[in-house]
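Biologist: I would like a close look at one part of this model. Please take the salt bridges, and then go on to the helices and loops around them.

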Amino acid sequence: MKAVWKHYLNASLILKITIALILGVAVGLIFGEQAAVLAPFGDLLLKLLTLLIVPLILFTMMVGINQSSIGDLGRMGGKVFIYYTLSSAFAIIVGLTVASFLQPGVGMQLQGNETFDVPENPGIVSVLLNIVPSNIFTAFTELNLLGIIFIAFAFGIALAYMRNSTELGSLGDHLYKTVNALNEMTLLVLKAVLQYVPIGIFAIMAKTVGNQGLDTLFSLGEMVLVLYAALLVQIMLYVLLLLVFKINPLDFFKQARTPMLTAFVTQSSSGTLPLTLNAAKNLGLSKSLYGFSLPLGATINMDGAAIRIAVSAVFAANLVGDPLSISEMLMVVLIGTLASVGTAGVPGAGIVMIATVFVQLGLPIEAVALLTAIDALVGMGATGLNVTGDLVGTTVIDKNEKKRQTV
């Protein structure tokens, strides 16, 4: 038994995750809904990853801020915001283009008995106000990522001021060493959690496949295939972007594949954040950059969800036999981009965004109820792409910053 455990620990993490995925699909197909008995093992993985989110963001950002100047942070922050905005808008264009070519939903009809209650969209103003938490502990317990980023930034700046102060310099240096030690300790805990990831992924995959079954996939398979085709096109564009910035895509995906697969299975960009931060560390990216760009991206940058909005809009329009016009497609780009920010941090954000866009465009809200049947199937691919987009943007900006420093 000891030899088996040692072999497991030494095996490649991606190999273990791949085997877990395959076994999970097989168990789900064989046992169906009975595979739900494995759910607690998947829930445990999500709890372990969620446990690490607060200390990772808090300590990584504080250490990163103290390794860069305020000017550098401001410049990088501007680049991150511009990239995330343009990336989401472009992802919607990709989704509209692919869906307009493949035309999902043509020939299908709504039965007229589907119902769906449109969830409340908090809106951009609410999201912006939520950046500043009224209670530091509430921000932690509610996993308000924007609030945690603000807290880490504020205290990181204060720590940098202390270290440069003649009166508080010694105290600041001691505090920085403590924060740095806490950051390293958190990474050690993450290293242990990584060994459990394959087990949790196996359980989640078995439960998801068991609940969805093949009937749902066959009934709305065309919609699923079109969405995944659009996601593949977006990944190809990511590869092109990496090549433009002279970044080896193979080296990138070697580190990115673990958070990509984990996000795919768990359908949680936030829950995968510890693994995404670990991938950025392994890629050699600047801690001062990825410490805030990745938590921010997990909150507002949703390329996969943006593509999902576009494909769903084309699908719904085709259901009622009224294809989207060019002007309506432009509205999808505008509203979808704003919605991807406005629904940040909302559970089931994909469905919330789709419902928001449908209401604004006058598309049949009943189609949203139909799309919820494949929510898990499309949510998996969309979430995987969300995480990929965050890492690609951070890697590209890091390369641009390092190039700037050498000039």
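Modeller: This is a predicted model. It holds 4 salt bridges. Side chains of opposite charge can pair when their charged atoms come close.

Start with R75 and E401. Their side chains form a salt bridge, with N and O 2.7 Å apart. R75 sits in helix α4, while E401 sits in helix α18, which covers residues 375-406. The two residues are 326 apart in sequence, so this pair ties together distant parts of the chain. How covered are the two partners? R75 has a relative accessibility of 21%, so R75 counts as partly exposed. E401 is buried, because its relative accessible area is 3%, and the limit for buried is under 20%. The pairing also extends beyond two residues. R75, K79 and E401 are linked in a network of salt bridges.

Stay on helix α18 for another pair. D398 and K402 meet through their side chains in a salt bridge of 3.1 Å, N to O. They are 4 residues apart in α18, so about one helical turn separates them. D398 is buried, at a relative accessible area of 4%. K402 is partly exposed, at 36%.

Now take R163 and D173. They form a salt bridge too, and their closest N and O atoms are 3.4 Å apart. R163 belongs to helix α7 (residues 145-163) and D173 to helix α8 (residues 169-194), so the bridge ties together parts that are 10 residues apart in sequence. Both ends are partly exposed by their values. R163 has a relative accessible area of 28%. D173 has a relative accessibility of 34%.

Back to helix α4 for its far end. α4 covers residues 70-102, and Q103 lies in the loop between α4 and α5 (123-129). Phi of Q103 is near 50°, a positive value in a residue other than glycine. Q103 is partly exposed, with 27% relative accessibility.

Next comes helix α11. α11 covers residues 249-266. Look at its start. There a side-chain oxygen of N248 reaches to within 2.9 Å of the backbone nitrogen of L250. Then check the length. At 1.5 Å a residue, the 18 residues of α11 should span 26 Å. The end C-alpha atoms are 24 Å apart, which agrees. The helix also bends. A kink of about 45° lies at A256, shortly before the proline P259. Which residues of α11 are buried? They are P249, F252, F253, A256, T258, P259, M260, T262, A263, V265 and T266. So the kink residue A256 and the proline P259 are both in that buried set.

Move past the end of α11. Q267 comes just after the helix and takes a positive phi of about 60°. Q267 is found in the loop between α11 and α12 (273-282). Like Q103, Q267 is a residue other than glycine with a positive phi. Q267 is partly exposed, with a relative accessible area of 30%.

Helix α13 adds a polar contact. α13 covers residues 287-300 and includes S288. The side chain of S288 makes a polar contact of 2.7 Å with the side chain of S286. S288 is buried, at a relative accessible area of 5%.

Finish with helix α2, which covers residues 13-31 and includes L23. L23 helps make a nonpolar surface patch of about 270 Å², together with L15 and I19. L23 is partly exposed, at 45% relative accessible area. K16 also lies in helix α2. K16 counts as buried, at 8% relative accessibility. Where does K16 sit relative to I201? Their C-alpha atoms are separated by 9.8 Å, although the residues are 185 apart along the chain.

To recap the bridges: R75 pairs with E401, R163 with D173, and D398 with K402. R75 and E401 also share a network with K79.

Notes
Residues numbered from 1 in each chain as written. Predicted model: local features only at pLDDT ≥ 70, side-chain atom pairs only at ≥ 80, totals over all residues. Heavy atoms only, no water. Buried < 20%, exposed > 50% of the residue type's maximum accessible area, 1.4 Å probe, protein only. Expected span 1.5 Å × (residues − 1). Bend = angle between axes of the 7 residues up to and from the residue. Polar contact = N/O pair within 3.5 Å; in protein donor to acceptor, adjacent residues only side chain to side chain. Patch = residues over 30% accessible without salt bridge, like charges linked within 9 Å, V, L, I, M, F, W, Y side chains within 5 Å. Areas by Shrake-Rupley, 256 points an atom, 1.4 Å probe, with all protein chains shown as cover.
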